[in-house]
Amino acid sequence: MKKILLIAALTMAPLFAQVEGDIEVPYIPFEVKMGKGFGEVNANCLTCHSFGYVTNQGRQSKAFWRGKVDKMIVHFKAPMTDKDADIVTEYLFEEYGNGKLK
Amino acid sequence: MKRRDFFKTSLAGAAAAMATSLEAGVTGQPIDNRKISTIAFPEKRPMITYSDRPPLLESPRSTFANAITPNDAFFVRWHMPDIPTHIDPKHYNIKIDGLVNKELNITLDFLKDPAHFEQVEVTAVLQCGGNSRSAFKPIAGGIQWGHGAMGCAKWKGVRLSDLLDQAGLKKDAEWIGFNGKETAAYYETPNFVRELHLDELDDHVILAYEMNGEDLPYLNGFPLRLVIPGTYSDSWVKMLSNITVTNKNKKLFFMDVAYRVPDNECECETPEKKFKKTKPISKMNVKSIIGYPENGTVLQTKSHVVVRGVAFDDGHGIRDVKISIDNGKTWKSAKLDSGEAGRYAYRGFSLAIKPMKYGKMTIMAKAINKIGQEQPLAKDIKWNHGGYKFNGIDVVTVDVV
């Protein structure tokens, strides 16, 4: 009886051990290309998510990037000025654009 | 114009027309060559990594050669960047309030105690509604997943209905809201809250604390998450902490705007003309993925190869998986596993083939469920703005040498 109890206790233990202490999610340095508007992107686009969300979309049109910036402002309430929104759109199209306006 | 010139230009014209027709929306196969990261996340082996904050990890195709997805290769998808870094299961409470006779505030230990709740298990597929999104053209909004935003695990927990029974629903109770511990970085950003209508919640819905015999991995929602077999994972709230019963649904971004498809027969629209009325993505459609071989696998001629993969739907169950190695001209039924894992689980399939000809060979897999629904060819899948519910016939191309 004692032995069985011991085994039960042992198999219980690792369950909690998995999150003993603080969890640390690794930091991934997603590259943000240098370019005009780099500062505005850093100031406005990295608060809520990594830059991986942006590069993951692949090269896209200007209208696409404008749409994304607007979505961030309208739906997710990204606090940014109209001027910064324009600069960031230009930057995204310049650095991650596919050359097409639409 | 000389005749020869005419030919030249009309050929160029045809090529251009083809290029634009592709861009105007012929669905293809999703991106399948993404690299596995060198950086491993907590409790995970290195996976395809889209983001660290919030964590977004995709399972590589090889994962789908098995009908149970190991916890350390199970995909990860959070919406909000702020996730608690420390959880003390001894002091973790789940609160149930709103239109209930008795508010509950219960600990994990209480929940796991068979004296209080029956402990139940279900093997079920967890798939993001946007899985395989990168198949859509033009690009549909959101993370450009390949096939790996899905997995299948054996979940253990308690029935949501048992919990609600203990709290006692008031007469006008209609909506159940679920909230987890992830929060936005900015106070005005809508949080990830889900609401389900009572009608959508049957006895199969559970609050799970165990996955494949272990605690839920932290990144899969430790210590407790919702499991709604048969439906896409948008409502499988992780790190579940609050359940609120109401009689009216709230305005919620992640319910009313995201995770919806056009409310028409084909669930489709065009980028120029979006369909106004939408509906939740809810039930999963029939789908299969080949786990082995993969795109680019080198096979020897006349070697004995076993094609393996998984198939599933929303719980009707899989009747047949057909494999073609001649570009869809002929199809052969694969062998299905026993099906013991139940109708919400992956049905593993396998088929022995023997490549005879040198060069490229395509292997296609098509699942058919018990009510006769079958996977369409990718090119027949029409576009929707969110890139949801892709279930095109899977195609891998191997090199026979």
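In the predicted model, Ile48(B) lies opposite Glu58(B), a residue of strand 2 of chain B. Strand 2 spans residues 55-58 and is joined to strand 1 of chain B by four bridges in the antiparallel sense. Both strands belong to an open, antiparallel sheet of three strands, arranged in the order 1-2-3 in chain B. The edges of this sheet are formed by strand 1 (48-52) and strand 3 (76-77) of chain B, each of which pairs on one side only.

Strand 1 also takes part in the interface between the chains. Here, 43 residues of chain B contact 31 residues of chain A. The two chains bury about 3100 Å² between them, with carbon and sulfur atoms contributing 60% of this area. On the side of chain B, the greatest losses of area to chain A are those of Asp52(B), Ile139(B) and Asp215(B), which together account for 17% of what that side buries. No salt bridges are counted between chain B and chain A, whereas ten residue pairs, both members at pLDDT 80 or more, are in polar contact across this interface. Strand 1, strand 2, strand 11 (214-215) and helix 4 (253-256) of chain B each give two or more residues to the side that touches chain A. Of these elements, strand 1 of chain B provides the largest share, four residues. The side of chain B that touches chain A comprises 23 nonpolar, nine polar and eleven charged residues.

Within chain B, the domain assignment gives domain 1 (89-280) and domain 2 (287-400). Their C-alpha centres are 29 Å apart. Contacts link 36 residues of domain 1 of chain B to 21 residues of domain 2 of chain B, and the area buried between these domains is about 2600 Å², 63% of it on carbon and sulfur atoms. In domain 1 of chain B, Phe136(B), His147(B) and Met150(B) lose the most area to domain 2 of chain B, together 21% of what that side buries.

One salt bridge is found across the interface of the two domains of chain B. Lys389(B) and Glu267(B) form a salt bridge in which the closest N and O atoms are 3.3 Å apart. The domain interface further holds 14 residue pairs in polar contact, both residues being at pLDDT 80 or more. On the side of domain 1 of chain B that touches domain 2 of chain B, at least two residues each come from strand 6 (119-127), strand 7 (150-159) and strand 14 (260-262) of chain B. Strand 6 of chain B gives the most to this side, with five residues. By class, the residues on this side of domain 1 of chain B are 18 nonpolar, twelve polar and six charged.

Technical notes. Residues are numbered from 1 along each chain as its sequence is written. Chains are lettered from A and ligands numbered from 1 in the order in which they are written. This is a predicted model: local features need pLDDT of at least 70, side-chain atom pairs count only at pLDDT 80 or more; totals for chains, interfaces and linings use all residues. Side-chain values use heavy atoms; hydrogens and water are left out. Two strands pair if DSSP finds at least two bridges between them. Contact means heavy atoms within 4.5 Å. Buried area is the accessible area (1.4 Å probe) that two parts lose on being put together, summed over both. A salt bridge is a side-chain nitrogen of Lys or Arg within 4 Å of a carboxyl oxygen of Asp or Glu. A polar contact is a pair of N or O atoms within 3.5 Å; within protein, one must be able to donate a hydrogen and the other to accept it, and residues adjacent in sequence count only if both atoms are side-chain atoms. Ala, Val, Leu, Ile, Met, Phe, Trp, Tyr, Cys and Pro count as nonpolar, Asp, Glu, Lys and Arg as charged, and the others, Gly among them, as polar. Domain bounds come from an automatic or database domain assignment.
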